[in-house]
Amino acid sequence: MADRADDHAETYAAFREAVNMPPAKLEAFLETDESKSVGQKKDGGEATGHREGRRIVELLRTKKADLSDDDYAHMAKVVGYVRRHLKQGGPDDKAKVKDSAWRLSLMNWGHDPLKDN
């Protein structure tokens, strides 16, 4: 049981580090055309990242004590995505990062690479 508690603590810390947007800011961003314009869309529907953003808002608003094993698994998925996407890097021209699909996609997942941590 201690192993799962340790795993949950590590996952929670990594999630809070990866997701650097507060829930209200993420929720507001998800309503923008920019948010809806990026990401992989299956059958012309909602992009995966956009759907994930709504789930991330729910996770951020859930009390830590109320998080389930499924919630922690989802948090780990978010951490993995953010880390992979950050490693890919954005535009070489740093002036173009602000409006890049790379940044907007990360923001759908709750991470603004331009935000000071």
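Q: In this predicted model, which residues have the most contacts inside the largest nonpolar core?
A: In soluble globular proteins, nonpolar side chains tend to be buried together. Here the largest nonpolar core has 26 residues, and α1 (2-18), α2 (23-30), α4, α5 and α6 each supply at least two of them. Those with the most contacts inside this core are Phe15, Ile56, Val78 and Val82.

Q: Which helix gives the most residues to this core?
A: The buried residues of α5 include Met75, Val78, Val79 and Val82. An α-helix has 3.6 residues a turn, so residues three or four places apart point the same way. With six residues, the helix that gives the most to the core is α5.

Q: What are the contacts of Phe15, leaving aside its neighbours within four places in sequence?
A: Phe15 is among the residues with the most contacts inside the largest nonpolar core. Leaving aside neighbours within four places in sequence, Phe15 is in contact with Ile56, Leu59, Leu60, Met75, Val78 and Val79.

Q: How far does helix α5 reach from its first C-alpha to its last?
A: Helix α5 covers residues 69-88, which makes 20 residues, and at 1.5 Å a residue a reach of 28 Å is expected. Just after this helix, Gly89 takes a positive phi of about 75 degrees. Close to the expected value, the reach of α5 is 29 Å.

Q: Which element gives the largest share of the lining of the largest pocket?
A: The largest pocket, with about 150 Å³ of space, has a lining that divides into three nonpolar, seven polar and no charged residues. The elements that give two or more residues to this lining are α4 (48-61) and α6 (101-108). The largest share, three residues, comes from α4.

Terms used. Residues are numbered from 1 along each chain as its sequence is written. This is a predicted model: local features need pLDDT of at least 70, side-chain atom pairs count only at pLDDT 80 or more; totals for chains, interfaces and linings use all residues. Side-chain values use heavy atoms; hydrogens and water are left out. On a 1 Å grid over the protein atoms alone, a cavity is a set of points where a 1.4 Å probe fits but cannot get out, and a pocket is an open set with protein on both sides within 12 Å along at least five of seven lines; lining residues have an atom within 4 Å of a point. Grid points are joined across faces, edges and corners, and a volume is the space filled by probe spheres set on the points. Helices (H or I, at least four residues) and strands (E, at least two) are DSSP runs, numbered from the N terminus. Ala, Val, Leu, Ile, Met, Phe, Trp, Tyr, Cys and Pro count as nonpolar, Asp, Glu, Lys and Arg as charged, and the others, Gly among them, as polar. The expected span of a helix is 1.5 Å times one less than its number of residues. Buried means under 20% relative accessible area, exposed over 50%, partly exposed in between (1.4 Å probe, protein chains only). A nonpolar core is a set of buried Ala, Val, Leu, Ile, Met, Phe, Trp, Tyr and Cys residues joined through side-chain atoms within 4.5 Å. Contact means heavy atoms within 4.5 Å.
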